[in-house]
Amino acid sequence: MERDDTIDPSVTVAYGEVDFDTEISNTSSNPHFADVLQKSLERRGFLKGSLGAAIGLALAGQALDAEAKTPIAEELERNFLESIKNLGGLPTRPAFQPVPVSRPAFPNGVLVPLGYSVDVILKWGEPITGSYPAYKPDGTNTGAEQEQQVGQHHDGMHYFAIPQFDPNQRGILCVNHEYIEQRYLLPDGANLTQRDPDHVRKEIAAHGVSIVEIQRNANNRWEVVRGPYNRRITAATPMEITGPVRGHPKVRTKYSPTGTMTRGTINNCAHGFTPWGTYLTCEENWAGYFVNRDAQRPREHTRYGVATANARYRWDQVEERFDCSVKGATAADDFRNEVNTQGWVVEINPFDPSSTPKKRTALGRFAHEGAWFAPFRAGNPAVYYLGDDAQNEYIYKFVSAKPWVPLLTDPDILETGTLYVARFNEDGTGDWLPLDINDAGFRARAAAANVTFTDQGDVLINTRLAADVAGGTRMDRPEWGAVDPRTGIAYMTLTNNSARTAAQVNASNPRGPNPFGHIIRWREQNDDAKSLRFEWSILLLSGTETDSRNFAAGPEARLNTASIHASPDGLWFDRAGLLWIQTDMSGTQQSAGPFGENAMLAMDVRTGDIRRFFVGPSGQEVTGVDTTPNLRTMFVNIQHPQEGRPNDPAWPDGPGTRPRSATVVVTKNDGGIIGT
Ligand code: FEO
Ligand code: CA
Ligand code: CA
C-alpha cells in the first residue's frame, strides 16, 4: 500500500485518508551521515553532480563483485546449480519482449508480454474453508462467512509444495491480507460513529492470512481444492508469544495475564518462509489499529504511532482490546499492553491447520515488511534480513542462537538469537550493531543516551529505540528484501522518502527528497551470513530516463523505456536467480508520473538487463509473487484495484461490480519458463 493523495472524499472510509506508511516515527537524534559523507566523497573526487554520492558508491562498491568468489560463494553456487538441475539448465533471462508503460484495458486489465496468458484466482470473498459460503457481490456476506472466505487486499505470498503431489500441479498457497477497504467490504461502507459489531467481525476476519490448497485442473486452470490444509488466520486467531518477550510484564493483558498468548495478526505485509516448511507473516502498520487516549503514554506506544484520538477502523467501539488506555488496576485488568503483542514476525505451520501461530519476538518489534533468509548452511545459524518500513527507519538482521541442521531443525530455532541493526558507512562498508542488553557496547551507548532497558524483552518491545541507541543508519523506507541464491548477496528496496531533505542525503540514501526510491545490496564479509561486517553498494536508483541510474549496467547507465519505474516495493529472486521488482506508486504518482500503473520488472543483476514484464489494473499495487518449482506457473498478487479511480471498470469482475484483490496466474503459452 502506498499513500494516495487523490482520495474520493465521498467515500465513507478511504484507505488513503490516513498516511499509514509514511509516518516519521524515528525521532532519534542520530546524526545523519550526510555531512561527513559529502566531505569524504568530495575529498576522493567522487562527486560529479547531484548524484555524485551514488556514483561514488558504485565505485566504492567494486569489492561487491559476484564474480570474485570465496570458497563459500562457490559452495553456494554449487548448491544453487544442484537445486535447479530439474529446470533443464540455466535459461537466459530476461528474454521476453518488454511491455510498455501502460494503463491496461479490460477484459484482462493486466498486461503481460506477447506469448503469455493470465488467469485470476483467490479473489477476495471466494470461499475456501468451513461450509464454503458463496461470495455475495453486494457486500452482504456476514462476519462468520468472511471467516471462511479469502481475505481482502492480498500482499506477500508463498507457494508450498505438498510432498505427496506433483509440486508443479498442486500445492498450498499462503497469502497475506494487509488491510481492508470498508467501502467495498461492507454493503454500504462503515458507520464510524457507531460501529456495527458484525461489520467489525467481518473486518477482523478479512485481515490475516489465507492458507489454501490449489491445483491445476484438467483444463489447465488453477482452482481451490477443498482440502484439509485450508485455513483462515485472522486478526482474532489465538497466537502464542514466544522468545525473550514471552511472559514479559509489558505483554500481560486481561486476555493473557501471564503474557504468553494474544489474539490476531494485523496488517500482514510481506512474508518469509523457512526450509522446515513454515510460513512467516510480518506485521507492518499495526499501530494505528489501536488507540491510547491517556495523557501520558509509554514509549512503546508513542515511538510506533499508536493513535491518540481514533483507531483506524474504530474496532475499539466493539472490542475493548483495541483500546490501550489504562482502565484497570493492573495490566491484567485491561488491554494497555495489547498493542505490544503486535509488530512481530509470526511463524505459521501451513501443514497443520490445528497449530497455534507463534510470534517470534527475538526478531524485533517494528513495522515489519518481511523476513528473508540468507542461504542456509548446515551447522550455521539461521539468518534473516528484516526491514522497518517507515520513513527514516532501519534495516535489521537476526542470527539464531542455535545452528541449523538439515532435516533435524529445531522447530523453535527462531525463538532465540541476536538482533542487529545495519550501519551503512560512507566508504561502502557496513556494520551489524547488536541490540543486546548483554553486549557491553550496547549497554554503554544506552547509558550515554540516558536510555534504560529493564531486560532483553524490553529492548525488543522497543526495537526502534534500541536501534537509535545502537546507531543504525536511517533509511528511505525499507520494503522487501531478497537474497541471490547464487551468491548470498542481499538486496532491499528503499521505496521512497519525501521526508529526507537535500541536507540529509548520505551515501546509502543519496537523494533528498527521494520520490522514486532505490535498491541497495550488501555482501557479508567472507560470505559468512553471521558476519558483523559487510560491503554494500547501490544496485539502481529508480526513476525516469533522466533521473535514474542502473549501476549494474555501468556507472553512467540509466533506466530506459523498458525499465523506468518508481517506488520499488516487492523484491524477489526466483530459484534460477532472476530478480523480480514490483512497484507501489501512490495514486498520484501513478496518474501524474510517466510510469503508468504499478508494474513488475525482471532484472539480471549481473548485466543490468531490466525489463517490464507485467502491468496491473487501474489503481492497484502489484505485490507478492512466487512460482511453482519448475518456474512455469507464476502467481502474482494484485492489491486494492481501482483505488482512487471510481470511474474505471472494477477489476477483475468488470463494470458494475466491486473491485476485488486477487491472485493472477501467469503462464507462457508454450509452457516455457517464466521470463524466457
Ligand atoms: Fe505494506 Fe511497506 O508495504
Ligand atoms: Ca509500499
Ligand atoms: Ca510493501
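**Note on strand pairing, a calcium site and helix α3**

1. In the predicted model discussed here, Val-383 has Val-399 of β16 as its bridge partner. This pair belongs to the ladder between strand β14 (residues 381-388) and strand β16 (residues 395-403), which run antiparallel and are joined by six bridges.

2. Strand β16 also pairs with strand β17 (residues 417-424), again in the antiparallel sense, through five bridges. Within that pairing, Ser-400 lies opposite Gly-417 of β17.

3. A separate point concerns the open sheet made of four strands, whose order is β25-β26-β27-β28 and whose pairing is antiparallel. The edge positions are held by β25 (568-573) and β28 (609-615); each has a single partner strand, so one side of each has no neighbour in the sheet. On average, neighbouring strands of this sheet are turned by 25° against each other, direction ignored.

4. Strand β27 deserves attention for its pairings. With strand β26 (residues 579-583) it forms an antiparallel pair over four bridges, in which Leu-579 has Met-603 of β27 as its bridge partner. With β28, strand β27 (residues 599-604) is joined by six bridges, and these two strands also run antiparallel. Two positions illustrate the register: Ala-599 stands opposite Val-615 in β28, and Ala-602 stands opposite Arg-611 in β28.

5. The connection between β27 and β28 is a hairpin with four residues between the strands, where Gly-608 adopts a positive phi near 85°.

6. Is β27 covered on one face or on both? Both faces are covered. Ala-599, Leu-601 and Met-603 are buried on one side, while Met-600, Ala-602 and Asp-604 are buried on the other. In total, six of the six residues of β27 are buried. Two of the residues named above for their bridge partners, Met-603 and Ala-602, are thus on opposite sides of the strand.

7. The calcium ion (ligand 3) is coordinated by Glu-369 (OE), Glu-479 (OE) and Asp-569, the last of these contributing two OD entries, at 2.3 to 2.6 Å. The donor residues follow the sequence spacing E-x109-E-x89-D. Distant parts of the chain are linked here: Glu-369 lies in strand β13 (residues 368-373) and Asp-569 in strand β25, 200 residues apart. Both Glu-369 and Asp-569 are buried.

8. Which residue bridges the calcium ion (ligand 3) and the calcium ion (ligand 2)? Glu-479 does so, and the two ions lie 3.9 Å apart. The site also touches the sheet of point 3, as Asp-569 is in β25, one of the edge strands of that sheet.

9. Helix α3 (residues 71-83) comprises 13 residues and spans 18 Å from its first C-alpha to its last, close to the 18 Å expected at 1.5 Å a residue. Its buried residues are Ala-73, Leu-76, Glu-77 and Phe-80. Because these residues cover an arc of only 95° around the axis, they fall on the same side of α3. An α-helix has 3.6 residues a turn, so residues three or four places apart point the same way.

10. The other side of α3 carries the exposed residues Pro-71 and Arg-78. As for the buried residues of α3, what covers them includes β22 (518-524).

Methods
Residues numbered from 1 in each chain as written. Chains lettered and ligands numbered in written order. Predicted model: local features only at pLDDT ≥ 70, side-chain atom pairs only at ≥ 80, totals over all residues. Heavy atoms only, no water. Pairing = 2+ DSSP bridges. Axes fitted to C-alpha atoms, helices over the stretch in contact; angles between N-to-C directions. Donors = N, O, S within 2.8 Å, 3.2 Å for Na, K, Ca; no water. Buried < 20%, exposed > 50% of the residue type's maximum accessible area, 1.4 Å probe, protein only. Expected span 1.5 Å × (residues − 1). Arc of directions from axis to C-beta. Contact = heavy atoms within 4.5 Å.
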